[in-house]
Amino acid sequence: LGGLAAGLALVATAAAIGKKIVELAISVADAQSEFMKATGASREFASSISGLTQDVRAFGASTKEVNAAMQTLFKSTTDFTMMSRQTRDEMTRNSAALAQLGVSNEDFARGSQIAIKAMGQTGIQAAATQREIAALAMDIGVAPQQMASDFATAGPQLAKFGSDGVRAFKDLAVAAKVT
């Protein structure tokens, strides 16, 4: 009798896991279709959503959040469509991760655009810059979403500093917090 109960429990667990796998597959397929409809991108381009969903689940992001991050980058970061898949995936992964800290996809995309176009960074460097800004915000006791918004908004002024724009922004953020 004990063996039968254990067997039934195992079957129930396997069924629950199977159901979750099917739900995830449907969610990913829906997100890919939505992405293609919203952007006009190819199926190959949208196929990144599947792998990215697996990556970002570790920090609590969902397929829907990956889709939103990728759509925003596609529409707001001009070089995004010309980047390698690896670079696009890195940027999307970072945008979805920082969204878990409250940083909007729009601010991430605008900040990345500034870092790439005005400061001469690559997409991977721009994603790293966004992470550094969020980390600095937490270190000095400022909300990451506020700091990301400030960076995105200050873009035209920071562009004057060229490749030193990120350092100038960080120095100003620290000075503002201290005073």
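## Helix packing and residue environments

Thr13 lies in helix α1, which spans residues 2–39. The model is predicted, and the values below are computed from it. With a relative accessibility of 43%, Thr13 counts as partly exposed. The C-alpha atom of Thr13 is separated by 54 Å from that of Leu172, a residue 159 places away along the chain.

Asn105, by contrast, is buried and is found in helix α6. Leaving aside residues up to four places away in sequence, Asn105 touches Ala68, Ala69, Thr72, Ser95 and Ala99.

| Residue | Helix | Relative accessible area | Class |
|---|---|---|---|
| Thr13 | α1 | 43% | partly exposed |
| Asn105 | α6 | 13% | buried |

Helix α8 covers residues 144–153, and its buried residues are Pro144, Met147, Ala148, Phe151 and Ala152. Viewed down the helix axis, these residues fall within an arc of 135°, so they line one face of α8. They pack against four helices: α6 (105–117), α7 (123–140), α9 (155–159) and α10 (165–178).

Helix α7 also meets α5. The axes of α5 (residues 85–99) and α7 come within 8 Å and cross at roughly 15°. Because angles under 35 degrees count as roughly parallel, α5 and α7 are roughly parallel to each other. The crossing of α5 past α7 is left-handed. On the α5 side, the contact involves Thr87, Glu90, Met91, Asn94 and Leu98, while α7 contributes Gly123, Ile124, Ala127, Gln130, Arg131 and Ala134. By character, the residues of this contact comprise five nonpolar, four polar and two charged.

Terms used
Residues are numbered from 1 along each chain as its sequence is written. This is a predicted model: local features need pLDDT of at least 70, side-chain atom pairs count only at pLDDT 80 or more; totals for chains, interfaces and linings use all residues. Side-chain values use heavy atoms; hydrogens and water are left out. Buried means under 20% relative accessible area, exposed over 50%, partly exposed in between (1.4 Å probe, protein chains only). Helices (H or I, at least four residues) and strands (E, at least two) are DSSP runs, numbered from the N terminus. The arc is that of the directions from the helix axis to the C-beta atoms. Contact means heavy atoms within 4.5 Å. Axes are lines fitted to C-alpha atoms, for helices over the stretch in contact, and angles run from 0 to 180 degrees between N-to-C directions. Angles under 35 degrees count as roughly parallel, over 145 as roughly antiparallel, 65 to 115 as roughly perpendicular and the rest as oblique. A crossing is left-handed if the near helix is turned anticlockwise from the far one by less than a right angle, and right-handed if clockwise. Ala, Val, Leu, Ile, Met, Phe, Trp, Tyr, Cys and Pro count as nonpolar, Asp, Glu, Lys and Arg as charged, and the others, Gly among them, as polar.
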